[in-house]
Amino acid sequence: MYGILTSPLPSGPASPRPPEPIRPRLPQNPSLAREAPPRVLRLTRPRAAAEASASAAATALGGLLASPLSTLEAALRGLNLAPLRAPVAAAMSAAVRWLGVYREVLLVGVLLSWFPNIPWDRQPFSALRDLCDPFLALCREVMPPVFGRKLDLSPLVAFMAIDIIIMILRPQPRM
């Protein structure tokens, strides 16, 4: 009844007694039995609310996939995502810092491209070109060079894309 892919809830009369709570077994080891007993977990849903959500979903979808959708929605609402907030925030912060460093490397590469006498086949210039050119080539597909290939606007598109991604990943202040 509480699985994600199950049949619809029965529409018959509600049972007179509530379901029994799940009680964990106490340890058999006497040294562990002195500890406080674990708390009792209640994994029950009010039957009226479940029937109401199932009937609302059935009405909204015309009866197609009503039960799996409503049970999936109920299961997703019951997930506790609090333990994931810190790792996700750390990953987003690392991505923002990496993109900031890449933006500076890209700026150096674009500024050095203005000088025609730089030996791009030697180090460190070849490493700089290897870092910048794949992303700039992707941006050249969005904005090709203009004026007979004399003016390349792909760095503008690249900087705008990086800044947009940074704005999306940076946490917003709460008001």
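Start by selecting Phe147, which is exposed at 67% relative accessibility (exposed means over 50% relative accessible area, buried under 20%, and partly exposed in between, with a 1.4 Å probe and protein chains only). Phe147 sits in the loop between helix 5 and helix 6. Check its backbone too: phi is near 55°, a positive value in a residue that is not glycine.

Now move along to Arg149, in the loop between helix 5 and helix 6. Here phi is positive as well, at about 65°, although Arg149 is not a glycine. Arg149 is exposed, with a relative accessible area of 72%. Why pause at such values? Most residues other than glycine have a negative phi, and most peptide bonds are trans.

A word on what is on your screen: this is a predicted model, in which local features need pLDDT of at least 70 and side-chain atom pairs count only at pLDDT 80 or more, while totals for chains, interfaces and linings use all residues. Residues are numbered from 1 along each chain as its sequence is written, and side-chain values use heavy atoms, with hydrogens and water left out.

**The whole chain**

Zoom out and colour by secondary structure. You should find 6 helices and 0 strands, running α-α-α-α-α-α from the N terminus. Helices (H or I, at least four residues) and strands (E, at least two) are DSSP runs, numbered from the N terminus. Of the 175 residues in the chain, 17% are buried. Take the contacts (heavy atoms within 4.5 Å) between residues at least 6 apart in sequence: 54% of them join residues at least 24 apart.

**Ser154, at helix 6**

Select Ser154, which belongs to helix 6. Is Ser154 buried or exposed? At 0% relative accessibility, Ser154 counts as buried. Its side chain makes a polar contact of 2.9 Å with the side chain of Asp152. A polar contact is a pair of N or O atoms within 3.5 Å; within protein, one must be able to donate a hydrogen and the other to accept it, and residues adjacent in sequence count only if both atoms are side-chain atoms. Setting aside neighbours within four places in sequence, Ser154 touches Leu136, Cys139, Arg140 and Met143.

**Helix 5 against helix 6**

Show helix 5 (residues 125–142) together with helix 6 (residues 154–169). The two pack at an angle of about 105°, with their axes 8 Å apart. That makes helix 5 roughly perpendicular to helix 6. Axes are lines fitted to C-alpha atoms, for helices over the stretch in contact, and angles run from 0 to 180 degrees between N-to-C directions. Angles under 35 degrees count as roughly parallel, over 145 as roughly antiparallel, 65 to 115 as roughly perpendicular and the rest as oblique.

To see the interface, show side chains for Phe135, Leu136, Cys139, Arg140 and Val142 of helix 5, which meet Ser154, Pro155, Val157, Ala158, Ala161 and Ile162 of helix 6. By class, the contact has 9 nonpolar residues, 1 polar and 1 charged. Ala, Val, Leu, Ile, Met, Phe, Trp, Tyr, Cys and Pro count as nonpolar, Asp, Glu, Lys and Arg as charged, and the others, Gly among them, as polar.

**Helix 4 against helix 6**

Keep helix 6 on screen and add helix 4 (residues 82–112). What angle do helix 4 and helix 6 make? They pack at about 165°, with axes 9 Å apart. That makes helix 4 roughly antiparallel to helix 6.

On the helix 4 side, the contact includes Met92, Leu99, Arg103 and Val110. On the helix 6 side, Phe159, Asp163, Ile166 and Leu169 are among the residues taking part. This contact divides into 15 nonpolar, 1 polar and 2 charged residues.

**From helix 4 into helix 5**

Next, select Ile118 in the loop between helix 4 and helix 5. Ile118 counts as buried, at 14% relative accessibility. Beyond residues up to four places away in sequence, Ile118 touches Leu112 and Phe125.

Continue to Pro124, also placed in the loop between helix 4 and helix 5. The peptide bond joining Gln123 and Pro124 is cis, with omega about 0°.

End the tour at Ser126, in helix 5. Ser126 is buried, with a relative accessible area of 8%. A polar contact of 3.0 Å joins its side chain to that of Gln123. Apart from neighbours within four places in sequence, Ser126 is in contact with Trp120 and Asp121.
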